Amino acid sequence: METPELVLLCLLMAAEPVTCQQGLGNLEPWMQGLIAVAVFLALVAIAFAVNHFWCQEDPEPVTTVLSVGAKSDGNLAGVDGKYSTMALNFRSSEHKNAYENENVMEDIPGVRSTPM
Amino acid sequence: MEQSAADSRNFIDNTADLIVIAGYFLLVIGVGLWSMCRTNRGTIGGYFLAGRSMIWWPVGASLFASNIGSGHFVGLAGTGAASGLAVAGFEWNALFVVLLLGWLFAPVYLTAGVITMPQYLRKRFGGHRIRLYLSVLSLFLYIFTKISVDLFSGAVFIQQALGWNIYASVIALLGITMIYTVTGGLAALMYTDTIQTSVILGGAFILMGYAFNEVGGYTGLFNKYLEAKTTQTFSEDPIVGNISPSCYQPRADSFHLLRDPVTSDLPWPALLVGLTIVSGWYWCSDQVIVQRCLAGKNLTHIKAGCILCGYLKLLPMFLMVMPGMISRILFPDKVACVAPEVCKQVCGTEVGCSNIAYPLLVVKLMPNGLRGLMLAVMLAALMSSLASIFNSSSTLFTMDIYTRLRPRAGDKELLLVGRLWVLFTVAVSIAWLPVVQAAQGGQLFDYIQAVSSYLAPPVSAVFILALFVPRVNEPGAFWGLIGGLLMGLARLIPEFSFGTGSCVRPSSCPGLFCGVHYLYFAIVLFICSCILILTISFCTTPIPQKHLHRLVFSLRHSEEEREDLDVDEQQGPLFPVQNGQLEHAVEMDEPPPATPGLFHRCLLWFCGMTGSDPSSSSPPTAEETRAQQLEDITEDPHWARFVNLNALFMMAVAVFLWGFYA
């Protein structure tokens, strides 16, 4: 008496569920979704990295002093002195050939100087 | 139409339904009154911007409720029934754009310290013509896309479900909406919007449950949809005759969001790019939405509100589009009718009856009591979006047009004019109703999108360039807007004069004008407007940077003093008496007016104009100084990070769903 129902149940279990919603190509829909999320997160990570490494505001330029030809190295006439990268900032905004008159040496310990 | 009205005339006349509807109205009016008593609505900032004191969930709920109108229930479900899932892409595109609003646009609007969007353009560019043009265009778009479509779809629903007299019910609806719009201002609106959102979602979820139960669950929908077609495929009209199967069979790509870029009804590049442009106008530079954002307490609350709205925007696919498709499965002869005379008999229009998909589900599936709830849902959607549009259009008219006509108007006069304008808009909407009804309401959602695609892209181009390119100046923006308008009209006018046509009777519009998909046209229009704006801007003198601090995105954190370009206007109301008129001013000193009569006082209280006279220049109250501080956009870094992560999560969920239904 129960046999027809059982057979029917077995048949139903064996039959492939009909899936009309097919993905693009051979992918399952949820797989497409996961791939899309993965791609999206990768793009976000790239954007974040780009922003972090390249687009952050540059810190204030620090005065770096290079000692060129110290006294102990021997007497190299004409090359003795200090080179400050802050000299790059001397350029005035008023004219392309104008320079600001700043006293850089003030900040460097052990160097005494007077402005101009 | 008469027949369908007749057999559905007595659907809502039992006690359970009536109790639910009455309860709903009491709830809405109660919340409206409560928020009226609670909030300050006697000042410009209080009435139009809710005192800038809203926390995140009213902001998010209000964004959602003013976006979702009855047009969505009818239009999304109808287009879903006609052509499958893809229409949900409209909603799922918007949830990315609403994040753009919170993260890129709102900070600049806040620091600019503006109330309306035309006012922002005035500050950014100077000159009056752009401001006037944008106000008029916005008001035009409100009446011809938003208000008319919402009223039409509300009317479709009422006709299908109730068989009531449309004019009586629409006038009653508008009356109730008007009460809390006119009296309460934005704060009352946003609190009632929160209630409306929960009613909309609750009712729509229940209907979705019934619909899926009827069709055999989620798999049932996907198994049966492609076979849902009408049996009456022969028209008695000899010109039409036998209708080709492509007109009545469901599309083969019904279950895909992303469709073929050339031949399909909604090509994927158009959906991803063109729609983003149109949504950019709707969500980022339109008064209705932005005003809700500006009412937020601070930037973090605004962002959180945008995220909430984004999550809610995930739902329409399941709450509206899928039930619409189910409706087609259950009632193929009605919803998917194809022969013109059959359609005419079913729903009164010849081009198709997909618009009745959602109302039909409500009428046929829901038991007593729940039908009343669904009516409340539709009313909630209709009223909340209409109220938003009324409030925003009154804001636009008052702040941008009326102040131009009468520069010396005091605050009290402005508030009064704002309320009178709402009355006027309501009158125009009612007068417009017969036109909307007579118009062929084929696929409603497409109609809104088409009109917006022809008119909105120049506006979004101007806003995006104004925010991100400081070099853009006034002539560029103005001529860009005008050139874009002319191009848009060149497409709009032929298309509407030839008629949109249907599958059975194609429109005779030549392919040169109407062949391009409207979203592709939006892309072209946007690019042309951008080129026009940039070319003219680079050929004319730039705006000095001293006028732009905190008005463009790159300078939003700038601390410099800004020399406002609209400085003449700001000083107008402050010095109402110019030199030469001073003598008269002394004579015009009136004795304090007599105490107004009882009725007058009641009216004033109702409109929230009692208490201290708002037009008198009182010293800034605590609230005003707080509003001043709100122009700064600093955020608590901890909460800012929390909100950012949440946005990322929401986008990941949305991207998953896009992939799932691609």
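A helix axis is a line fitted to C-alpha atoms, taken over the stretch in contact, and the angle between two axes runs from 0 to 180 degrees between their N-to-C directions. Two packed helices are described by the angle between their axes and the distance between the axes. The model described here is predicted.

## A helix pair in chain B

Helix α15 (residues 316-330) and helix α18 (residues 357-365) of chain B have axes that come within 9 Å of each other and cross at roughly 70°. Angles of 65 to 115 degrees count as roughly perpendicular, and α15(B) is therefore roughly perpendicular to α18(B).

On the α15(B) side, the contact is made by B:Leu319, B:Met320, B:Pro323, B:Gly324, B:Ser327 and B:Leu330. On the α18(B) side, B:Ala357, B:Tyr358, B:Leu360, B:Leu361 and B:Leu365 take part. Sorted by character, the residues of this contact are nine nonpolar, two polar and no charged.

## The two chains

Chain A has 116 residues, of which 11% count as buried. Its secondary structure consists of two helices and two strands, and along the sequence these follow the pattern α-α-β-β. Among the contacts in chain A with a separation of 6 or more, 7% are between residues 24 or more positions apart.

For residues 30-50 of chain A, an unreviewed UniProt entry lists "transmembrane region". In the model, this stretch is 100% helix and 0% strand. The C-alpha atoms at its two ends are 30 Å apart.

Chain B has 30 helices and zero strands. Of its 662 residues, 57% are buried. Residues 24 or more positions apart account for 85% of the chain B contacts with a separation of 6 or more.

## The nonpolar core

In soluble globular proteins, nonpolar side chains tend to be buried together. In this model, the largest nonpolar core has 202 residues. The residues with the most contacts inside this core are B:Phe73, B:Tyr120 and B:Tyr661. Helix α19 (residues 370-405) of chain B gives the most to the core, with 19 residues.

What surrounds B:Tyr120, leaving aside its neighbours within four places in sequence? B:Tyr120 is in contact with B:Val108, B:Tyr109, B:Ala112 and B:Val114. B:Tyr120 is also in contact with B:Phe463, B:Ala466, B:Leu467 and B:Leu551.

## Single residues in chain B

Some pairs of residues in chain B can be described by two separations, one along the sequence and one in space. The table lists such pairs, with the spatial value taken from C-alpha to C-alpha.

| Pair | Apart in sequence | Apart in space |
|---|---|---|
| B:Ala94 and B:Ala522 | 428 residues | 16 Å |
| B:Asn14 and B:Gly369 | 355 residues | 8.1 Å |
| B:Leu416 and B:Thr398 | 18 residues | 9.3 Å |
| B:Gly127 and B:Leu565 | 438 residues | 8.0 Å |

B:Ala94 lies in helix α6 (residues 88-112) of chain B. Its relative accessibility is 4%, so B:Ala94 counts as buried. Not counting neighbours within four places in sequence, B:Ala94 is in contact with B:Trp283 and B:Lys313.

B:Asn14 is in the loop between α1 (2-7) and α2 (15-38) of chain B. Is B:Asn14 buried or exposed? The cut-off for buried is under 20% relative accessible area; at 16% relative accessibility, B:Asn14 therefore counts as buried. B:Asn14 touches B:Asn368, B:Gly369 and B:Arg371, with residues up to four places away in sequence left out. B:Gly369 is also the partner of B:Asn14 in the table, at 8.1 Å.

B:Leu416 is part of helix α20 (residues 411-438) of chain B. With a relative accessibility of 46%, B:Leu416 counts as partly exposed. B:Gly127 sits in the loop between α7 (117-125) and α8 (129-161) of chain B. B:Gly127 has a relative accessibility of 33% and so counts as partly exposed.

A backbone angle is given for B:Arg550. This residue is in the loop between α25 (518-539) and α26 (567-574) of chain B. B:Arg550 has a positive phi of about 65°, although it is not a glycine.

Notes. Residues are numbered from 1 along each chain as its sequence is written. Chains are lettered from A and ligands numbered from 1 in the order in which they are written. This is a predicted model: local features need pLDDT of at least 70, side-chain atom pairs count only at pLDDT 80 or more; totals for chains, interfaces and linings use all residues. Side-chain values use heavy atoms; hydrogens and water are left out. UniProt positions are given in the numbering used here, feature names are shortened, and annotations may be inferred rather than shown by experiment. Helices (H or I, at least four residues) and strands (E, at least two) are DSSP runs, numbered from the N terminus. A nonpolar core is a set of buried Ala, Val, Leu, Ile, Met, Phe, Trp, Tyr and Cys residues joined through side-chain atoms within 4.5 Å. Buried means under 20% relative accessible area, exposed over 50%, partly exposed in between (1.4 Å probe, protein chains only). Contact means heavy atoms within 4.5 Å. Angles under 35 degrees count as roughly parallel, over 145 as roughly antiparallel, 65 to 115 as roughly perpendicular and the rest as oblique. Ala, Val, Leu, Ile, Met, Phe, Trp, Tyr, Cys and Pro count as nonpolar, Asp, Glu, Lys and Arg as charged, and the others, Gly among them, as polar.
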